[in-house]
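Please walk through this model with the structure open beside the text, taking the helices and a few chosen side chains in turn.

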Amino acid sequence: MATSLNFELIREHNEKLANLGMLAEQILYLDPGSAITRLRGFAEEVTKEIYDIDGLPKLPMANFMELLKNDAFIHVTESSLRDFLHYLRKEGNDTAHGGEGDLKKAVAALGVAHQLGQYMAVNYYGFTHADLHVFVCPEQNAATSGISSKEL
């Protein structure tokens with residue numbers, strides 16, 4: 001199985017997050033817009049994970065925006081974390097609804113997702129700052145190796 005450059009640290013705690021990050025890395029150059037859309041899903045999964053771990057109350061059918069604006073969520077999170085989540089939500093909504101996205105935005109979004117993964121590692125999964133890794137931007141040729149057209 002392929003591994004991620006930036007999200008393996010959190011895989012044992014949340015495989016879905018690691019896989020969303022890995023997929024975004026793999027399709028970064030093939031389809032930057034789809035990579036951004038996947039990273040929106042990453043941000044939503046981070047949000048749901050915080051709700052689950054912290055036992056926050058939520059409406060059963062709450063959408064992503066409602067989760068982010070919930071007073072209980074705001075109370076337990078820092079504004080900088082919410083800013084990152086909103087950034088990926090907005091960028092991903094744009095690409096999910098017809099926006100093409102571009103490589104520069106996709107790389108920036110991947111970097112933000114990496115920071116969110118590192119945040120989860122330290123604040124929720126028991127890692128220390130010494131365990132963290134710097135962001136690695138996938139190389140164009142290496143990014144698509146190991147991904148089949150079916151996976152794409």
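**A walk through the helices**

Immediately after helix α2, glycine 55 adopts a positive phi of about 65°; as with everything that follows, this value belongs to a predicted model. Helix α2 itself covers residues 32–54. Because a helix is expected to span 1.5 Å times one less than its number of residues, the 23 residues of α2 should span 33 Å, and the end C-alpha atoms, which are 33 Å apart, agree with that expectation.

From here one may turn to helix α1, which runs over residues 15–27 and contains alanine 24. Alanine 24 has a relative accessibility of 0% and therefore counts as buried, the cut-off being under 20%. Leaving aside residues up to four places away in sequence, alanine 24 touches Ala35, Arg38, Leu39 and Leu110. Glutamate 49, by comparison, is 25 residues from alanine 24 in sequence, and the two C-alpha atoms are 19 Å apart in space.

The next stop is the pair formed by helix α5, residues 79–96, and helix α6, whose axes lie 10 Å apart and which pack at an angle of about 145°. The crossing in which α5 passes α6 is left-handed. On the α5 side, the residues that meet α6 are Leu81, Phe84, Leu85, Tyr87, Leu88 and Glu91, while their counterparts in α6 are Lys105, Ala108, Ala109, Val112, Ala113, Gln115, Leu116 and Tyr119.

Tyrosine 119, one of the α6 residues that meet α5, also leads to the aromatic side chains. The count of aromatic pairs comes to 3, and among them is the pair of tyrosine 119 and tyrosine 124, with ring centres 6.3 Å apart and 55° between the planes, an arrangement classed as tilted. Tyrosine 119 counts as buried at 16% relative accessibility, and tyrosine 124 likewise counts as buried, at 18%.

Helix α6, which extends over residues 103–123, also holds histidine 114. Is histidine 114 buried or exposed? With a relative accessible area of 6%, histidine 114 is buried, because this value falls under the 20% cut-off. Apart from residues up to four places away in sequence, histidine 114 touches Asn6, Phe7, His133, Val134 and Phe135. One of these residues, histidine 133, places its backbone oxygen 3.0 Å from a polar atom of the histidine 114 side chain.

How values were computed
Residues are numbered from 1 along each chain as its sequence is written. This is a predicted model: local features need pLDDT of at least 70, side-chain atom pairs count only at pLDDT 80 or more; totals for chains, interfaces and linings use all residues. Side-chain values use heavy atoms; hydrogens and water are left out. Helices (H or I, at least four residues) and strands (E, at least two) are DSSP runs, numbered from the N terminus. Buried means under 20% relative accessible area, exposed over 50%, partly exposed in between (1.4 Å probe, protein chains only). A polar contact is a pair of N or O atoms within 3.5 Å; within protein, one must be able to donate a hydrogen and the other to accept it, and residues adjacent in sequence count only if both atoms are side-chain atoms. Contact means heavy atoms within 4.5 Å. Rings of Phe, Tyr and Trp (its six-membered ring) pair if their centres lie within 6.5 Å; planes under 30 degrees apart count as stacked, over 60 as edge-to-face and the rest as tilted. Axes are lines fitted to C-alpha atoms, for helices over the stretch in contact, and angles run from 0 to 180 degrees between N-to-C directions. A crossing is left-handed if the near helix is turned anticlockwise from the far one by less than a right angle, and right-handed if clockwise.
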